[in-house]
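Colleague: Could you take me on a close look at the ligand site in this one? I would love a connected account, starting at the ligand and working outwards.

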Amino acid sequence: MTTETDTEVRLTSYEDCRDGYRHQGFRQALYDDGVVLMSDVIVNLHGDAHRARRRLENRLFRRDVFLRWERELVPAAILDALSSSLAEGRADLVPLARRAMMTIAAAIAGVDRPEGTDEEFDDLYGVMTRLSRASTVVHATGDKEAIKADGLAALAHFERRFFAPSVARRRDLLARHGSGLLEICPDVLATLLVNQERLELGPETVLREVAYFPWVGSHSTSNALAHTMAHTLSWLEDHPGDRHRLESDPEVVQRFSHEALRLHPPSPVALRRALTDVTLGSGREVPAGAHVVIDVVAANRDPSIFGPSADAFDPWRPLPEGVNLWGLAFGTGFHSCLGQELAGGVASSPGDPASEVLRGSIATMASILLRHGARLDPADPPTLDHQTVRKHFGRFPVLLG
Ligand code: HEM
């Protein structure tokens, strides 16, 4: 085993960060502080164990499934979350988008909500907020030991109220239908239960994996929505004539969401540990044991890739071949985001059949908000979340109608 050292290597160019993400000589290290909650979770696995888990779960993230979510479930979820706000003429976008995406991400995870009550949903929402904070404790402000203890308490509550009944229902279906369970419940939990023995997955591993999806799917997406709306509303102040175009053309909103993701990747850094001596494509050397910081914010503003205006918001900037407008916001390589197409859609080309175009949940939600007249409230401006050093909005109030 490699001895871990205090040496820190910070990768900041686009090329080094891209290669760092893709190098098998680096293992995940973002969750080392929150390992009690993240041990054996897909994003924290390496090598063969990661490949096996990813191959299984990848099957759930298919284009046709995303299409249905985007056409039906995401609009329904955001409109449901919006319903009371429309009557009041105001909304806070952060909980609004988190709730909408949590509905989707909990369904992907296989977390049942049999009561279907607001109280049940609020409980799940609260548990996920605590799990998110404890799992990414490396970036939390405040007493880290207390945050981790709170995360473990939240996980125990999640297990009792949500996980155990969801497992029981699937085990019953598994006994009656065998692997036909996956047709009835196409979700992470059912997938893991069907393959539990073959992959030797302990019950605690299944619990942590299922608990990971609702918060990772909803928190990053809601944060991206807030940044998309911040840039879009500020753009409209400077270009008031563009309102109709933005309200009516989801492709433009999608470009805005990708540019906002580039400037504000929800995970500003990825952390890795070098398992061996590594030389990156640029010649940069990283010694075995080093702590590697992949500075995604810096990479996404690398002027050699994104041009001299890399720090500015310009959804129509020219890009080199093979580079996406969102830069490395979804990672790349073996841990690249499984929910990328759900959140960000697919960059389309002219002539693509409309029935296959995916705009992504961020653009879908932003389009709906713009069509409902979303605008900043001068008396109540957005504020950042001070519980994390990440640049996430804590509140994003808008007026509607
Ligand atoms: C704007 C929204 C999102 C952003 C920016 C984002 C970003 C990322 C990034 C950067 C990674 C790689 C982490 C690393 O290499 O250390 C990642 C991994 C992952 N994301 Fe996302 N994510 C988003 C939404 C989602 C959604 C909606 C889901 C699922 C419902 C999801 C599920 C995952 C999973 C399962 C992984 C781990 C994949 C693996 O380790 O093989 N993400 N995401």
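**The ligand and its surroundings**

Modeller: Happy to! Let us start with a polar contact: the side chain of His 50 places an N or O atom 2.7 Å from an oxygen atom of the ligand. Please keep in mind throughout that this is a predicted model. Arg 272 offers a similar picture, with an N or O atom of its side chain 2.7 Å from a ligand oxygen. For His 335, the distance between a side-chain N or O atom and an oxygen atom of the ligand is 2.6 Å.

These three residues also belong to a wider group. The shell around the ligand holds 30 residues, and those that come nearest are His 50, Arg 54, Arg 272, His 335 and Cys 337. By class, the shell has 19 nonpolar residues, 9 polar ones and 2 charged ones.

Now to the iron atom of the ligand. Its only protein donor is Cys 337, through SG, at a distance of 2.3 Å. Along the chain, Cys 337 sits in the loop that runs between α14 (303-306) and α15. The helix on the far side of that loop, α15 (340-344), is one of those that supply at least two residues of the shell, together with α3 (47-58) and α10 (203-238). Of the elements around the ligand, α10 gives the most, with 7 residues.

Let us stay with the cysteines for a moment. Taking the protein chain alone, Cys 337 counts as partly exposed because its relative accessible area is 34%, which lies between the cut-offs of 20% and 50%. Cys 185, in contrast, has a relative accessible area of 2%, so this residue is buried, the cut-off being under 20%. As for cysteine pairs, a search through the whole structure turns up 0 disulfides. In general, a disulfide is a covalent bond that joins the sulfur atoms of two cysteines.

Finally, let us step back to the protein that surrounds this site. The fold is built with 16 helices and 11 strands. Its radius of gyration is 21 Å, which agrees with the value near 21 Å for a compact globule of 401 residues. Taken along the principal axes, the C-alpha atoms fill a box of roughly 60 × 55 × 50 Å. Of the 401 residues, 52% are buried.

If you return to the model with one residue in mind, try Cys 337: this residue is among those nearest the ligand, and its SG is the only protein donor of the iron atom.

Terms used: Residues numbered from 1 in each chain as written. Predicted model: local features only at pLDDT ≥ 70, side-chain atom pairs only at ≥ 80, totals over all residues. Heavy atoms only, no water. Near = heavy atom within 4 Å. Polar contact = N/O pair within 3.5 Å; in protein donor to acceptor, adjacent residues only side chain to side chain. Helix = DSSP H or I, 4+ residues; strand = E, 2+ residues; numbered from the N terminus. Nonpolar A, V, L, I, M, F, W, Y, C, P; charged D, E, K, R; others polar. Donors = N, O, S within 2.8 Å, 3.2 Å for Na, K, Ca; no water. Disulfide = S-S within 2.5 Å. Buried < 20%, exposed > 50% of the residue type's maximum accessible area, 1.4 Å probe, protein only. Rg over C-alpha atoms; globule rule 2.2 N^0.38 Å.
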